[in-house]
Each structure stands twice: as C-alpha cells, then as structure tokens.
Amino acid sequence: MEEETNGETTEDSFAITHHTIQVGGESLEYTATAGYLPIREEPELSGLSTPPSAANIFVTAYTVAVRDDEPPRPVIFAYNGGPGSTSMWLHLGFFGPRRVIATDGLRPIGPPYALVDNDETPLRYGDVVVVDLVNTGYSRMETDEPADTYHGVTRDVDLTAEVIRLWVTRNQRWNSPVLLAGESYGVLRTAKVAERLISRHGLYPAGLVLISSPIGPDSMDFGPGAVLSYPAFLPSYAAVAHYHGHRPDRTLAEVIDEAAQFAAREYVPLLQAGNRLTDPKLKVAAQRLAQITGLSADYLVRTRLRITNNRFFVELLRSRGQIIGGNDGRFIGWNADTAGELAHSDPAYDVIRGAFASAMNHYVRTELGYINDLPYEVTTARARPWQTDPGQGFSAVDSLGIALRKHPRMLINYSLGYYDLCTPYWGAECDLAQVDIPPELMTNIEVQHYASGHMIYLDDSARVEQAKNLEAFVGRVASF
C-alpha cells in the first residue's frame with residue numbers, strides 16, 4: 001500500500017515531511033523520510049527476479065539538500081543494541097533533530113513530555129539515518145518468515161550491512177562519507193558491520209562512532225571461572241561510590257585512577273588465586289577493595305572479592321534502603337525486598353523509559369506523519385535467545401582489527417561514561433589494547449570519557465561535550 005504525505009508518494013510506504021528547526025540561533029531545513037525498507041534475500045536458486053521481502057526494517061532518514069557544486073554530506077547510520085533494544089534512545093536523545101526532555105536532572109518527570117529542537121544534532125553537518133533492527137520499534141519479519149531469522153551475531157550483521165548498502169544505493173550516496181554509530185551492543189555490531197561492508201561490498205566506512213560498550217566478551221562475563229570482568233568494572237564502581245559520597249576528600253580522577261591501578265596490578269592475581277588465597281591475604285585484599293568501592297570488607301570477604309554489577313546495584317546503598325541504576329549509577333530507587341541480593345529493576349531505566357516511549361509514539365505520527373498500528377517495541381525479549389558464533393561469543397575485537405588493517409583511513413571515536421554499570425568503560429579500554437593493528441594505526445582511534453552513564457547524552461553537560469567532540473571527529477573524518 002502506498003503512503004502519501006505532503007503530496008509525495010513512495011513505493012515502499014515512506015512518509016516524507018519537510019521541517020525547519022532552530023539550531024544555534026539559525027534555521028536548519030531538512031527532509032524526514034520514515035517507513036519500511038524491505039530487505040529481500042538474494043534469488044540464488046529460486047529463479048525469482050524479485051524475491052519476496054524477508055524483513056521490513058523501519059528507518060528514519062534526515063537529509064539536508066545541497067547544491068550541485070557542493071560536496072556530498074556525510075551520512076551517519078545510528079542504532080542501539082540490546083540485543084532487542086529500539087534505536088529511539090539515540091534517535092530522540094542525541095542524533096535526531098528533535099530531542100525529548102526525559103528527566104529533571106536525575107529526577108523523573110511526568111507527561112506531557114516536551115520535544116524540543118536539538119541544538120546538538122549531527123544533522124547540522126551530516127545526514128542521519130536511524131535504524132531499528134528486527135522486532136524492535138516497528139521492524140518485523142514478513143509473516144511467513146521465522147521471527148528469529150536475524151536473532152544472532154552473524155545474521156544480525158548480514159541484515160544491518162544490507163540495510164546500509166541498500167539505503168546508500170537507493171539514495172545514490174556511495175560517494176558520501178559513511179559513518180556507523182552504535183551504542184551498547186551496537187558497538188559490537190558496528191565493528192562487525194564495518195568489516196562486512198568492507199570485505200563483502202567494498203563500501204568503506206569513513207568513521208565509526210562507538211558509544212558505551214567493550215568489544216570483547218570477557219569484560220562483561222561473570223560466569224563460573226570468570227576473572228577479567230571483575231577488574232573491568234572496578235573503576236566504574238569507584239566512580240559511582242564517589243558520586244554517592246564515598247571518599248569525598250578525593251577527586252573523581254583520583255579514585256578511578258587508583259581503582260584502575262589496583263585492577264591492573266593486584267586484582268587479577270588475587271582472583272586467579274581462587275581457593276588458594278589464604279584467609280589473611282583475603283582479609284587484607286577485602287580491606288583494600290572496601291576502600292575503593294565503598295562496600296564493607298566483611299561483605300567482600302564473603303563474596304571472596306567477586307563483585308558482580310548486580311551485587312553492586314543493591315549493596316552500595318543498602319544501609320540507606322536504596323538501590324542504584326545500572327544504566328547510570330547516579331540514579332537511585334528501591335527494592336521491595338531490602339534484604340535481596342538482586343535489584344528488581346533499573347532505577348535509571350525506569351525514570352527515562354516512559355518519557356522516550358511516549359515521545360517516540362507521539363513523534364512518529366504527529367511530526368513525521370507515519371502511521372503504523374503495531375506496538376513500537378522499546379526493549380523486547382523477542383530477540384532472545386541470541387545466537388553467538390562458535391568460539392567467538394560476542395567478541396568484535398578481531399573484526400575491528402581486520403577492518404582497520406584493510407581500511408587504514410577509517411577513524412574511530414569511542415565515547416565512554418564513568419557511571420555506566422552496564423558496560424564498563426575500563427573494560428572497553430582494555431579491549432582496545434587487544435585489537436591487532438600496527439602502532440601507526442592507533443592514532444586512528446580517539447577515546448573520550450564523560451561524567452555520565454550508559455546513555456551519555458542524558459546528562460545535559462555531557463551531551464553538549466559529546467556533541468562538540470563528535471562534530472570535531474566528523475570534521476576530522478572529512479579532511480583525513
């Protein structure tokens with residue numbers, strides 16, 4: 001069925017609208033195109049010249065017209081992670097031309113939620129395409145296709161790379177600088193998609209924007225026998241504890257540097273000792289960790305120095321009867337069971353979810369003119385279980401190295417939040433050190449830290465700083 005909006009019709013049911021926003025005191029005119037991009041499997045042996053769609057992927061593209069004598073604008077493809085998370089977070093939090101006011105500092109606000117012109121939108125200097133992957137947002141498999149077709153590392157990469165290739169092809173943007181921007185699991189996806197685009201299609205991304213996640217599995221694995229995840233989170237624990245009043249005589253920089261030094265030099269050998277660690281040494285180490293994390297030495301002895309992030313959520317402020325957020329450890333909430341071992345929810349996510357979901361459902365209909373009665377899936381369990389590659393798990397370390405070695409002009413901007421207790425910033429730094437590239441390519445990667453959480457842009461000052469850094473990065477990409 002064709003969709004007609006503002007007098008324009010498109011064969012794939014896109015709603016096309018034209019807008020003007022005020023950014024930095026100046027008017028910015030742009031076109032928004034929202035709707036399904038059908039992804040078709042190749043005919044192979046079917047004999048069909050136009051095979052049926054396998055999936056309908058909801059995309060929202062924001063473009064600014066340029067004169068014929070002007071160079072093509074960069075195109076930034078943005079998506080979140082999960083797996084199973086919609087991309088509305090990046091869409092209405094940072095990249096889109098409109099932004100939702102989701103909090104009052106760290107406090108919740110209620111409806112109606114305000115949508116404002118986004119002064120920090122990258123649309124000022126590049127076009128933006130926001131992608132929702134299968135079973136997130138409005139994206140769905142065709143009704144006769146298995147719903148879990150793309151619920152796995154390799155097939156997800158196949159799909160994402162095809163969405164990018166198809167959009168670039170249809171919009172005649174092969175000669176534009178292409179940037180891939182992923183948050184959370186989107187970081188791993190981005191590294192693998194970059195390698196796939198280079199190797200499969202010869203589409204060389206000019207830059208990668210990685211937001212809030214390590215690129216290897218060990219930094220977030222608290223399973224039996226795990227060792228590296230505990231030190232990976234330690235500087236984040238120190239940062240959050242400091243925010244909540246632990247060691248007020250020290251600066252943030254001092255506490256996280258101390259934690260990183262302990263993690264690198266002492267913590268790993270202590271954990272590797274396992275049941276060989278004597279009680280006296282265990283008690284001394286517990287006292288040291290208590291100083292760093294704000295947890296009690298007695299508790300750390302009982303856990304044998306193993307602090308999972310789930311334990312930290314409930315233990316740090318247990319004496320106050322409060323739990324802390326995973327997406328951002330500065331947020332606080334309450335458990336029904338104040339003696340419980342696990343948090344029943346994430347206070348940070350609870351605060352922002354309603355604002356983003358309400359704003360997105362309102363925005364697509366009233367401002368983008370897109371009509372769809374399907375539920376807009378915010379965070380769905382439909383994407384689970386997520387199939388990993390044998391022997392690799394979620395790791396994208398190898399893919400990032402391959403992409404950089406094949407395309408040494410590709411630049412990388414890595415943004416990390418100190419208060420992120422979902423994906424540890426220090427773990428990401430350690431993962432980067434394992435990427436197999438020559439020393440001269442290390443200058444292609446810039447890492448920036450922010451006094452914020454998993455969704456860096458939720459903090460107003462961090463968002464402004466992140467936007468300035470991203471603009472400088474895209475400028476560097478364009479001139480590299």
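This passage walks through a predicted model, beginning with confidence and moving on to a helix, the nonpolar cores, the aromatic pairs and some backbone details.

Across the protein chain the mean pLDDT is 92, and 95% of the residues reach 70 or more. The start of the chain is another matter: pLDDT is below 50 over residues 1-11. That stretch still has 22 contacts in the model beyond its near neighbours in sequence. Where pLDDT is low, the predicted coordinates should not be read in detail.

A good place to begin looking is helix α6, which runs over residues 279-293 and has 15 residues. From its first C-alpha to its last, α6 reaches 20 Å, close to the 21 Å expected at 1.5 Å a residue. Its buried residues are L282, A285, A286, L289, A290, I292 and T293. Viewed down the axis of α6, these buried residues fall within an arc of 155 degrees, so they line one face of the helix. The other side of α6 carries the exposed residues P280, K283, V284 and Q287. What do the buried residues of α6 pack against? Their partners are α4 (229-243), α5 (252-273), α7 (297-302) and α8 (309-315).

The surroundings of α6 are also worth a look. Just after the helix comes G294, with a positive phi of about 85 degrees. In the loop between α5 and α6 sits N275, an exposed residue with a relative accessible area of 74%. N275 and R304 are 29 residues apart in sequence, while their C-alpha atoms are 9.0 Å apart in space.

Turning to the interior, in soluble globular proteins nonpolar side chains tend to be buried together. The largest nonpolar core of this model has 103 residues, and those touching the most other members are F77, L180 and L305. Helix α5 gives the most to this core, with 12 residues. Leaving aside residues up to four places away in sequence, F77 touches V129, V131, I164, W167, V168, V178, L179, L180 and A181. Another core, of 59 residues, lies apart from the largest one and includes I76, W89, A348 and A355.

Aromatic rings offer a further set of landmarks, with a count of 18 aromatic pairs. One of these joins Y30 and Y62, whose ring centres are 5.9 Å apart; the planes stand at 70 degrees, so the pair is edge-to-face. This pair links distant parts of the chain, as Y30 belongs to strand β4 (residues 26-40) and Y62 to strand β5 (residues 53-63), 32 residues apart. Y30 is buried, with a relative accessible area of 4%, and Y62 counts as buried at 0% relative accessibility. F94 and F95 also form an edge-to-face pair, at 5.1 Å centre to centre and with 90 degrees between the planes. Both partners are buried: F94 has a relative accessible area of 1%, and F95 is at 0% relative accessibility. Elsewhere, ring pairs link F222, Y230, F233, Y237 and F312 into a cluster.

Finally, some backbone details invite a closer look. Most residues other than glycine have a negative phi, and most peptide bonds are trans. Where, then, do cis peptide bonds occur? One joins G82 and P83, with omega at about -10 degrees, and P83 lies in the loop between β6 (75-79) and α1 (88-95). The bond from R384 to P385 is cis as well, its omega being near 0 degrees. P385 is in the loop between α9 (347-366) and α10 (397-406).

Positive phi values appear in residues other than glycine too. Phi of Q172 is near 55 degrees, and this residue belongs to the loop between α2 (153-170) and β13 (178-183). S184, also not a glycine, has a positive phi of about 60 degrees and is found in the loop between β13 and α3 (185-201). Are these two residues buried or exposed? Q172 counts as exposed, at 73% relative accessibility, whereas S184 is buried, with a relative accessible area of 16%.

How values were computed: Residues are numbered from 1 along each chain as its sequence is written. This is a predicted model: local features need pLDDT of at least 70, side-chain atom pairs count only at pLDDT 80 or more; totals for chains, interfaces and linings use all residues. Side-chain values use heavy atoms; hydrogens and water are left out. Helices (H or I, at least four residues) and strands (E, at least two) are DSSP runs, numbered from the N terminus. The expected span of a helix is 1.5 Å times one less than its number of residues. Buried means under 20% relative accessible area, exposed over 50%, partly exposed in between (1.4 Å probe, protein chains only). The arc is that of the directions from the helix axis to the C-beta atoms. Contact means heavy atoms within 4.5 Å. pLDDT is the predictor's confidence in each residue, from 0 to 100. A nonpolar core is a set of buried Ala, Val, Leu, Ile, Met, Phe, Trp, Tyr and Cys residues joined through side-chain atoms within 4.5 Å. Rings of Phe, Tyr and Trp (its six-membered ring) pair if their centres lie within 6.5 Å; planes under 30 degrees apart count as stacked, over 60 as edge-to-face and the rest as tilted.
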